[in-house]
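Please find below my notes on the model you sent, set out as numbered points for discussion.

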Amino acid sequence: GEGGKFEVIPREFLDIDFEDVGGCREAKEQLMLIDLGIRFPKIYEVYKAELPRGILLYGPPGTGKTMLSKAAAKELDANFYSINGSDILSKWYGESEKNLNSLFEKAKDNSPSVIFIDEIDALMPQRDTSHEVTVRIVSLLLQEMDGIESTKGVIIMGATNRPNHIDPAFLRPGRFDLKMEVPLPDEKALQDIYHIHLNGRNLEEGMDYEKLAKASKGLTGADVKGIVNACVFNKIVKLRKQMPDVITRSDLKDIETETLTTDDVLK
Ligand code: ATP
């Protein structure tokens, strides 16, 4: 599409809902309030509430910040534009002005839109050789952010796992007005995440989600996804070893009845 400048997911291709994101209760609740403001502007009007222009999601890697942003976009029936803070610095060399401007123009022309900026902490001027470039890009980005009106249906969502490393200019009023934590999942959230990732698979009756969650303390949603994928792959390897080279219909029957157990996942 844009030659790797930024990624666009048109609204009709967004396939993540809030239900697909386990835990993150507070962030989900707040994001749904914004949805309310866009769908039923009257509610905001009555209270003279203003829609946020920017939302900052912060928390450890792999906890669902990207997913939440996509789910918010889907809920708002918005096109999803995404860029990465460190890509802007490394890949956009010399073209950042043009690229940023075209990103914001496209998002405005195709509103409602969500512009997702991952790793926004990369856009923190450091005392090194990239200092000047970073300062320039940050000021361009701020200029673009200031130039959008949230009432026009463009919302910026930034993600970071280093909330203390954000250029303070981003945090001024009218920029990232809302900050939402996307924490490590607690036990209840881990159970939900296991449900989400195991759902629709050939499961043993009475999977022990409590046990899975207890054994997964400290892991992220991305970790759980990885565990489930590895477990499914192990199962396939195991079944393949039992199968003859010519696979018959009855071999396939056996495969269909082979279920995943709690122990398979824990392995
Ligand atoms: P990063 O900060 O590294 O970009 P992130 O917080 O944006 O991470 P995602 O990219 O949204 O995390 O998560 C990666 C994958 O891990 C998701 O596609 C999803 O499959 C799984 N995952 C992460 N968090 C959750 C969650 N809360 N519920 C369900 N799945 C999750």
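**Notes on the predicted model**

1. A nonpolar patch of about 620 Å² lies on the surface, and the residues that make it are Leu33, Leu36, Phe40, Ile43, Val46 and Tyr47. The elements that contribute two or more residues to this patch are helix H1, residues 25-39, and helix H2, residues 41-46. Please keep in mind throughout that this is a predicted model.

2. Within that patch, Val46 deserves a separate remark, and its place is in helix H2. Its relative accessible area is 57%, and Val46 is therefore classed as exposed, given that the cut-off for that class is over 50%.

3. Turning to the strands, E3 covers residues 79-84 and includes Asn79. Is Asn79 buried or exposed? With a relative accessibility of 8%, Asn79 counts as buried, since the class takes in values under 20%.

4. The surroundings of Asn79 can be listed once its neighbours within four places in sequence are left aside: Asn79 is then in contact with Ile9, Pro10 and Arg11, and also with Asn110, Pro112, Ser113 and Val114. Of these contacts, Ser113 reappears below in the discussion of strand pairing, where Ser113 stands opposite Val154 in E5.

5. Strand E3 is joined to strand E4 by six bridges, and the two strands run parallel. One of the facing positions is that of Ile83, which stands opposite Ile117 in E4. Strand E4 itself, residues 113-118, is mostly covered, in that five of its six residues are buried.

6. Strand E4 is also paired with strand E5, residues 154-160, through five bridges, and here again the strands run parallel. E4 thus has bridges to E3 as well as to E5, and on the E5 side Ser113 stands opposite Val154.

7. The structure holds three aromatic pairs. One of them is formed by Phe6 and Tyr81, whose ring centres are 6.3 Å apart and whose planes stand at 55°, so the pair is tilted; the tilted class lies between the stacked limit of 30 degrees and the edge-to-face limit of 60.

8. What does this pair tie together? Phe6 lies in the segment before strand E1 (7-9), whereas Tyr81 lies in strand E3, so the pair ties together parts that are 75 residues apart in sequence. Both Phe6 and Tyr81 are buried.

Key
Residues are numbered from 1 along each chain as its sequence is written. This is a predicted model: local features need pLDDT of at least 70, side-chain atom pairs count only at pLDDT 80 or more; totals for chains, interfaces and linings use all residues. Side-chain values use heavy atoms; hydrogens and water are left out. Helices (H or I, at least four residues) and strands (E, at least two) are DSSP runs, numbered from the N terminus. Buried means under 20% relative accessible area, exposed over 50%, partly exposed in between (1.4 Å probe, protein chains only). Contact means heavy atoms within 4.5 Å. Rings of Phe, Tyr and Trp (its six-membered ring) pair if their centres lie within 6.5 Å; planes under 30 degrees apart count as stacked, over 60 as edge-to-face and the rest as tilted. Patches are made of residues with over 30% relative accessible area and no salt bridge: like charges are joined within 9 Å, nonpolar side chains (Val, Leu, Ile, Met, Phe, Trp, Tyr) within 5 Å. Accessible areas come from the Shrake-Rupley method with a 1.4 Å probe; for residues, only the protein chains shown count as cover. A salt bridge is a side-chain nitrogen of Lys or Arg within 4 Å of a carboxyl oxygen of Asp or Glu. Two strands pair if DSSP finds at least two bridges between them.
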